[in-house]
Protein chains: 4
Amino acid sequence: MIKIAIVGGTGYTGVELLRLLAQHPKAELRAITSRKEAGTKVADMFPSLRGRYDLAFSDAADAELRACDVVFFATPHGVAMAQARELVGAGVRIIDLAADFRLADPGVFERWYKMPHSCTELLAESVYGLPEMNREAIRKARIVGNPGCYPTAALLGFLPLVEAGLVDTDHLIADCKSGVSGAGRKAELNLAFAEAADNFAAYAIGGHRHMPEIVQGLNRVSKTPVKLAFTPHLVPMIRGILATLYAPLKRTDVDLQALYEKRYAGEPFIDVMRPGSSPDTRSVRASNTIRIAVHRPQGTDLALVLAAEDNLVKGAAGQAIQNMNLMFGLPETTGLGALPVVP
Amino acid sequence: MIKIAIVGGTGYTGVELLRLLAQHPKAELRAITSRKEAGTKVADMFPSLRGRYDLAFSDAADAELRACDVVFFATPHGVAMAQARELVGAGVRIIDLAADFRLADPGVFERWYKMPHSCTELLAESVYGLPEMNREAIRKARIVGNPGCYPTAALLGFLPLVEAGLVDTDHLIADCKSGVSGAGRKAELNLAFAEAADNFAAYAIGGHRHMPEIVQGLNRVSKTPVKLAFTPHLVPMIRGILATLYAPLKRTDVDLQALYEKRYAGEPFIDVMRPGSSPDTRSVRASNTIRIAVHRPQGTDLALVLAAEDNLVKGAAGQAIQNMNLMFGLPETTGLGALPVVP
Amino acid sequence: MIKIAIVGGTGYTGVELLRLLAQHPKAELRAITSRKEAGTKVADMFPSLRGRYDLAFSDAADAELRACDVVFFATPHGVAMAQARELVGAGVRIIDLAADFRLADPGVFERWYKMPHSCTELLAESVYGLPEMNREAIRKARIVGNPGCYPTAALLGFLPLVEAGLVDTDHLIADCKSGVSGAGRKAELNLAFAEAADNFAAYAIGGHRHMPEIVQGLNRVSKTPVKLAFTPHLVPMIRGILATLYAPLKRTDVDLQALYEKRYAGEPFIDVMRPGSSPDTRSVRASNTIRIAVHRPQGTDLALVLAAEDNLVKGAAGQAIQNMNLMFGLPETTGLGALPVVP
Amino acid sequence: MIKIAIVGGTGYTGVELLRLLAQHPKAELRAITSRKEAGTKVADMFPSLRGRYDLAFSDAADAELRACDVVFFATPHGVAMAQARELVGAGVRIIDLAADFRLADPGVFERWYKMPHSCTELLAESVYGLPEMNREAIRKARIVGNPGCYPTAALLGFLPLVEAGLVDTDHLIADCKSGVSGAGRKAELNLAFAEAADNFAAYAIGGHRHMPEIVQGLNRVSKTPVKLAFTPHLVPMIRGILATLYAPLKRTDVDLQALYEKRYAGEPFIDVMRPGSSPDTRSVRASNTIRIAVHRPQGTDLALVLAAEDNLVKGAAGQAIQNMNLMFGLPETTGLGALPVVP
């Protein structure tokens, strides 16, 4: 059994980790911490967990964390990097669901997250936890920066095109749409039901923190630096991201369908759909699968890619467990086999 | 392994059976039938099943069904009773998710469902599949009439009060609210998004088919015949039923909380919540649990019971699998352990 | 033109007053106050008002208020009673959309709102602003306590039965369902989209502040004091209240349909629907109409009343303007003629 | 008074015309036709109209139509062109809310709508009813082809850029999102609440009928023929369209904000928002306003335009009335002054 702790489990990624780990045959949750909620039973905060978890939130007790095999950070940005050095020193592996270990360049991190990076030496060895790009490195990683929800969809959608050098990387567009849970479990007016329901808008037009993360990922596989317009939108639904991706093709004689099928052959969580398909977010709801369809809009020289994921699973907690499975030598799909919930 | 067939699996209870059976360690799905969709792969109709089911819908091939241990009918009313005799004769056990085997009195069936009952001799031996009422009979049953979604919530909510003879059974009220999936997978205008969203109303005021089913269940445990006002409402949500139940207390010196806790002690799928609780439907979303809270509204002589279930799981497919587990000697919770999906 | 000020117009009742007053041919908005937002243009906070209102929120400037004919208080409870004496002294009439002038008994107010009533002498002369009960008194009132959203629906629903002495007032039940905007424009976690969407639950089981208000209204027309169970529920929709009301009939030989039609004949905002109807909330969305249907559930001795209103219009801002029209001798429907928005 | 008939008023554009015309001081509705619903009162089909319209649907009585000043066709495609010749011959003016008179080239119409155009001589004189492009021609038109919902948003969004010759018209992208009412009042499974709620997807990837309409409109103002990728998406909301438009800039030294403000100065229904804005669909809900914001995404050479409209108002019935106002010499805003409904 893998001994596990979750730091900061009061948000949606925290409760989603709890939901998924309850199904995981090798997971043994030892502790879940929250300074603010110390002493509260997790099942009192989340009645959906009643009868399964008797555990209470604890104050971040270092001894308990150091006795674990792996610690998930489901915290605001900045928390994991403050605790990483000590834990790693104690032999504990870390999967950070926040942004502390996503951006390799501390300067980029600081520009976008408005805080200094306090753990740059571990940042240097950390691995970006997108298994379909970095599987081997993840297996050996001591620290995994679990990707953001939008970057997971945008990167897996663009990857085959950019790796193959088929597209003009100066003119990439990611028009992305997310359910409201992507903003976290927060009491904010713009996330209120009476504000967000029956409504649709773009947001963060001036620049969203996931933009540099997508650009970094694409630059790693592109021969030329990419330029990306990234427009996130808020959808009146709870879960789900759809990324609608546009890229000008440099050559139009390539079989895009075959390209995607080949690139993702054998990937347990990527479903390259048949030509002409349009994945909907509910077809992945509550599951770790991402469904991708690639198109050529008529009369244009564009590739159009549609990628649908559950932002809390493949876009967060599920991918974190997928990474854990890799890090501990388990079959990658362990505990992640539940089918999507439809309707 | 239990050899299973599903007759008529193109509706929501059908796809929910498929979702849940995929998690069941002892289930082996042999066939799924649909005359209209014969030849279509189930994963082409429900992309959420892609990668897990390679099976196609078949025309109702009797030979295949007769080779199974159990057949689930997820069909319109009237289908199961037409096929039951032959299947039971071949040693196949039946779980009918429609109404053919719910109402013991064929006259009541005929009055509410506007069709003659064509299989009254098997109706006589069939068992009403509410495990918390009829567990032992279900174990031995050849035919189980799986309860309706509203009756499951209303019966489990009222049961302790009525069994104990504590309430005036002349004045029971079940004010019930259901998500739209309860109406089935149908192209009907009143179920369209632009009609049902951001809207709320009662329906079937003149009489809903689940009313005689609730009354029948309560009469079985009541010393006096019950009179019930049952008002169903349509909630703009996909899944979930909340039953708000009112019953005038004949005595007010009884500890209702203790009554409920005792009655449902050891029930794996009933969660009697703490005093003062208000179960919400999402806390049981996609799970087989029903959560119940009992109250005494101030200044009245009423008992108020709140019961929340997922209409497609405890109210349909999950309860059907719970019944199957009982019928085949498995632990009752087998394959039904997934936690609710929140948020 | 009626010179108008709104105190505290940053909530949903405030913006709804602005929306409706923009259509009112006799309304002249002179000021809208908000201490916190002083200086902000209302159209910057509510882009839906762009192009129509150039006004900014001002700090509560007493001079400006005293120069108005009427001041609407769209504030938290406790504000209106603190300013009422001075305004009334200056000849300004007041319509309070909060609770300060709803409950005639200051002791009841204090028990439910947890604050002392600081203006009991004006409370004594204030009028409960339900035109269908108190039309003549409203015309002459200096202070109107505009009814709560639930009480408007519950009172108009129960009124004909209770006035006629037809029901057992010991056993009234108001099972009510409200859209989320009823809770106000607030950053609260339980009102967040990802919490409230695709979900349904009762709330405030232990006692809701609108209960004594409903009881007070019914007691005024009842020969015997009423006992009421009031159970509010939160519906995943923006606007709308449906009240499902149950009352045991003392006599069953009365034509309830005729009773309701007669009681509300000529009421411009009450639509008594045809027998067998089920009003849905969208059929009154954004309008001041309340639709009511009365039923006799089969096999019971109950009256069942369904009443649907828009909680922000007939349940708040629209009724406030209806009251203003009465107070200033205008036709009651002035400015309130817009049809419901469907779909 | 303008004597008006509506042909085919049982859909959402029909009921929206009824809602808006009820507010129009110069409109006199003489007839509304529906073969299928002849004899049914409109208020029985749409309870939201109760008390305002006593009219019943009639069979398409030609005499009645010929006595009107204007006939709105709120019918499926193909109906208006079959009746146009006779009505125009009788001096009646026509506003077609379907596609019969939108596409100037009958060949394009036939390719996309799969039916021959039966009235090409009137098509030749008909005017595309986008007032902000064709105001003067609309005033004199005998037949107006009222624009599609997506084309209204996309054209008004792209227009200033394309007219000014500022963008590379080979690479235009319109990533558009619509509420479900855009598909009409239909009993179709994919529009059912339990299918469309809590879900998001693109649709009609292979080609949507509004694409040639957008291209036609842009070609009229562009020096070079445009190439457009148009991707519509279905949003789980009732009303609203957001068009997210991308166009590569040929020059980056132009003040786009000033360009839009100047182009739309004086337009009563176009709100060019301040720099940095993100219009949300609810800010135009139930109103005829379209709100537009123009951006330059950082690090790219793109213009990004966001345009939000209510698909049933500016995208259909409201624009039709705007056209009627122009055709009959009324102030363009007559009857269209109601503010958006928020929340």
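**Exercise 1. Contacts of B:Val180**

Work out which residues B:Val180 touches, leaving out those up to four places away in sequence, and decide whether B:Val180 is buried or exposed.

*Solution.* Keep in mind that this is a predicted model.
- Start by placing the residue: B:Val180 sits in the loop between strand E7 (172-178) and helix H9 (193-196) of chain B.
- Next, list the contacts. Within chain B, B:Val180 touches B:Leu191, B:Ala196, B:Leu234 and B:Ile238. From chain D come D:Phe193 and D:Ala194.
- Now count neighbours: 28 other C-beta atoms lie within 10 Å of B:Val180. The cut-off for buried is 20 or more, so B:Val180 is buried.
- For a sense of scale, try B:Gly335: it is 155 residues from B:Val180 in sequence, and the C-alpha to C-alpha distance is 26 Å.

**Exercise 2. Same drill for C:Tyr150**

Find the element that holds C:Tyr150, then say whether this residue is buried or exposed.

*Solution.*
- Look in helix H8 (residues 149-163) of chain C; that's where C:Tyr150 is.
- Count again: C:Tyr150 has 26 other C-beta atoms within 10 Å, so it is buried.
- Skip the neighbours within four places in sequence, and the contacts of C:Tyr150 are C:Cys176, C:Ser178, C:His210, C:Ile214, C:Pro232 and C:Ile241.
- As a distance check, C:Ala31 is 119 residues away from C:Tyr150 along the chain, with 29 Å between the C-alpha atoms.

**Exercise 3. Two helices in chain D**

How do the axes of helix H8 (residues 149-163) and helix H12 (residues 313-327) of chain D cross, and which residues make the contact?

*Solution.*
- Fit the axes: they come within 8 Å and cross at roughly 100°.
- Angles of 65 to 115 degrees count as roughly perpendicular, and H8(D) and H12(D) are therefore roughly perpendicular to each other.
- Pick out the residues: H8(D) brings D:Cys149, D:Thr152 and D:Ala153, while H12(D) brings D:Lys314, D:Gly315, D:Ala316 and D:Gln319.
- Sort them by type, and you get three nonpolar, three polar and one charged.

**Exercise 4. A sheet in chain C**

Give the strand order of the open six-stranded sheet in chain C and name its edge strands.

*Solution.*
- Walking across the sheet, the order is E2-E1-E3-E4-E6-E5, with parallel pairing.
- Strand E2 (27-33) and strand E5 (127-128) each pair on one side only, which makes them the edge strands.
- Zoom in on E5(C): two bridges tie it to strand E6 (residues 143-145), and the two run parallel. Here C:Val127 stands opposite C:Val144 of E6(C).
- Finally, add a helix: H1 (residues 12-21) of chain C lies across strand E1 (2-7), E2 and strand E3 (70-73), at about 160° to E1(C).

**Exercise 5. How the chains go together**

What operation lays chain B on chain C, and how many residues of chain D are in contact with chain A?

*Solution.*
- Superpose chain B on chain C: a turn of 180° with a shift of 0.0 Å along the axis does it, at an RMSD of 0.0 Å. The two copies are thus related as by a two-fold rotation axis.
- Check what lies by the axis: among the residues of chain B, B:Pro236 comes closest, its C-alpha at 3.2 Å.
- Compare the surfaces: 100% of the interface residues of chain B are also interface residues in chain C, so the copies meet through the same surface.
- Move to the other pair: 42 residues of chain D are in contact with 42 residues of chain A. On the chain D side, the largest share, four residues, comes from E10(D).
- By type, that side of chain D has 21 nonpolar, 14 polar and seven charged residues.

Terms used:
Residues numbered from 1 in each chain as written. Chains lettered and ligands numbered in written order. Predicted model: local features only at pLDDT ≥ 70, side-chain atom pairs only at ≥ 80, totals over all residues. Contact = placed C-beta atoms within 7 Å. Nonpolar A, V, L, I, M, F, W, Y, C, P; charged D, E, K, R; others polar. Least-squares fit on C-alpha atoms with pLDDT ≥ 70 in both. Buried ≥ 20, exposed ≤ 12 C-beta atoms within 10 Å, placed from the backbone. Axes fitted to C-alpha atoms, helices over the stretch in contact; angles between N-to-C directions. Parallel < 35°, antiparallel > 145°, perpendicular 65-115°, else oblique. Pairing = 2+ DSSP bridges.
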